[in-house]
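User: I would like to learn how to read a structure feature by feature, with the general idea stated before the particular case. Could you take me through one?

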Amino acid sequence: MLGNIMDQPLLISSLLRHADRTSGDREIVTRTVEGTIHRYTYRDAHMRARRLANALQALDVKLGDRVATMAWNTHRHFEVYYAVSGIGAVTHTLNPRLHGSQLTYIMNHAEDAYVFVDINLVALIEAVADDLEHLKGVVVMTDRAHMPETSLANVLCYEELIESHSDDLEWRSFDENTASSLCYTSGTTGNPKGALFSHRSTMIHAYASALPDVLHMGESEVILPVVPMFHVNAWGIPYGATMVGAKLVFPGPRLDGASIHELLVDEDVTCAAGVPTIWLMLLAHWREAETQAPALKRTVIGGSACPESMIREFQEDYGIEVRHAWGMTEMSPLGTVSIPKPSMTDDTERMRKQIKQGRPVFGVEMRIVDDTGAELPRDGVAFGNLEVRGPWIIDNYFKLDRSESQNAAGWFATGDVATIDADGYMEITDRSKDVIKSGGEWIGSIEIENLAMSHPEVAQAAVIGVPHPKWDERPLLIIVPAGGKSPTHDDMIAFMENKLTKWWLPDDTVHIDELPLGATGKVLKTKLREQFGDHTLPTA
Ligand code: ADP
């Protein structure tokens, strides 16, 4: 027997309509690409999104068509999100840090019909335009006065497009499983693969993301997503914040410590979200300028492991709660958040939990398995391949067979290696391709990196496996020294030896000026392995 409840589809447009009607005066503030601070409200955003939706329909964009964006976090990008999905088309967010060849591949694979591009990113589209097979036109996201010179054909001006259409539009209704946005994984090996989200998955993810123990979003919060809208929808914040009518602050293209600091202070931001590299820059700025952001209550840090030293600095020096989170493109992206339980009152225990990636958000189920697929115990010791399933996790990659993403039992293999403890906290020890195999046993690089980064003379650290005649592979510690110091290998070992399993201690330490980062701000271990793969260890 079925329940007697209305079968109303969960559609993204309803978020903005709701925000207009119930939090219409709440602000959305942007540092624009042109350099000014732009301020308007959810009501204005809804009006402009409707105009843009009419414009898109006039351009013959139809249900299911892909419309790309190559843009920073701004109010205009926000409007495109809602206008495109509101008419049943798909927002395909492009990462400006991708290689030209990857960009061409994904734009052709996605069959992008239009691309919305920021003024300072136009050259990236110009560079690939001749190879784009489906592109009908380009919309430059600015007003007439700031339109750049360009070699592109069929170029439209965003503000003119909006001005030339009315806001008379009722958002249309369609199946909630209709595709809404598309994001390709950066694919360090092989071609990038597309995660195609639906209205339903986005909406359920938005409900979950707003919960107090997830991103804690509500109308009284002021949220600054530093995490880009071009990468997994800025962790869903443009949807979750709209659902609850939170004030949104978009940082545009300027992500350096001083610029982010300025917005945090001027707009009384209460919660900001981003990857660890962003917070390194902000914390360095705070130390140098001897300042901080008084209204900031919480930072959400994920995308790569948050070092313990960073959690301590935020919490102990500034009284700002760190929410360490884990997820991935294929998971919309929220997977886990690490918050100590109320019963955990001991500081050491609380910190031990916070450096873990955390407990799954309701809606995500997870387990660890060995190489035969057998489930491993949740004891915090056994580590294995992490698998997940749930209503916002991809079923299959765009245009690929389901077998590429799922095992026969219906779980998505994350490619991460992890433990799960008896309290339900998951801890990533490595990405499976980065695990170091020493004498038939696995060494997880993240714990070593975390420890090395708590050394006061180390700014950043990465650990890779290098070949060893006896042990197969042994860990090499690569550090970016801090404050003009250069700790030796012996210094590092002396610092780490009582805190780490003895055979996990690195066999050598090398210094580097900066770590190579990929398109999503993660350390590129492939590059480090190329550079240091033939490093001769003193123990070899
Ligand atoms: P990419 O496009 O680089 O694959 P994703 O954002 O999808 O980008 O990357 C997801 C991966 O990032 C995860 O599988 C995991 O390896 C890593 N990751 C994300 N958050 C964390 C975290 N808090 N700690 C450790 N690793 C993380």
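User: How far apart do the C-alpha centres of domain 1 and domain 2 lie?

Analyst: This is a predicted model, in which local features need pLDDT of at least 70 and side-chain atom pairs count only at pLDDT 80 or more, while totals for chains, interfaces and linings use all residues. Residues are numbered from 1 along each chain as its sequence is written, and side-chain values use heavy atoms, with hydrogens and water left out. Domain bounds come from an automatic or database domain assignment, and here they give domain 1 as residues 1–201 and domain 2 as residues 434–532. The C-alpha centres of these two domains are 41 Å apart.

User: What radius of gyration does the protein have, and what would a compact globule have?

Analyst: The radius of gyration is taken over C-alpha atoms, and the globule rule is 2.2 Å times the number of residues to the power 0.38. For 540 residues a compact globule would come near 24 Å, and the 23 Å of this protein agrees with that. The C-alpha trace spans about 70 × 60 × 50 Å along its principal axes.

User: How many helices and strands are there in the protein?

Analyst: Helices (H or I, at least four residues) and strands (E, at least two) are DSSP runs numbered from the N terminus. By that reading the protein holds 16 helices and 25 strands.

User: Which residues come nearest to the ligand?

Analyst: A residue is near a molecule if one of its heavy atoms lies within 4 Å of it. Around the ligand there are 17 residues, of which Ser186, Ala325, Thr329, Gln357 and Asp416 come nearest. Strand E14 (residues 321–327) supplies the largest share of this shell, with four residues. For composition, Ala, Val, Leu, Ile, Met, Phe, Trp, Tyr, Cys and Pro count as nonpolar, Asp, Glu, Lys and Arg as charged, and the others, Gly among them, as polar; the shell then divides into four nonpolar, ten polar and three charged residues.

User: Which atoms of Thr329, Gln357 and His231 lie at short listed distances from the ligand?

Analyst: A polar contact is a pair of N or O atoms within 3.5 Å; within protein, one must be able to donate a hydrogen and the other to accept it, and residues adjacent in sequence count only if both atoms are side-chain atoms. For Thr329 a backbone N or O atom is 2.7 Å from an oxygen atom of the ligand, whereas for His231 a side-chain N or O atom is 3.1 Å from an oxygen atom of the ligand. Gln357 places a side-chain N or O atom 2.8 Å from a nitrogen atom of the ligand. The ligand taken alone exposes 570 Å², of which the protein buries 93%, with accessible areas from the Shrake-Rupley method with a 1.4 Å probe and, for residues, only the protein chains shown counting as cover.

User: Is His77 buried or exposed?

Analyst: Buried means under 20% relative accessible area, exposed over 50%, and partly exposed in between (1.4 Å probe, protein chains only). His77, in helix H3 (residues 75–86), has 0% relative accessibility and therefore counts as buried. Its side chain reaches the backbone oxygen of Ala71 at 3.5 Å. Of the 540 residues of the protein, 58% count as buried.

User: Where are Glu111 and Glu290 found, and what is the sign of phi in each?

Analyst: Glu111 sits in the loop between helix H4 (100–110) and strand E5 (112–117), and its phi is near 60°, a positive value in a residue other than glycine. Glu290 belongs to the loop between helix H11 (276–289) and strand E13 (298–301), and although it is not a glycine it has a positive phi of about 45°. Glu111 is partly exposed at 32% relative accessibility, while Glu290 is exposed at 74%.

User: Which peptide bond is cis, with omega near 10°?

Analyst: It is the peptide bond from Ser332 to Pro333, and Pro333 is found in the loop between E14 and strand E15 (334–338).

User: How far apart in space are Glu449 and Ile479, C-alpha to C-alpha?

Analyst: Glu449, in helix H14, is 30 residues from Ile479 in sequence and 9.0 Å from it in space, C-alpha to C-alpha. Glu449 counts as buried at 10% relative accessibility.
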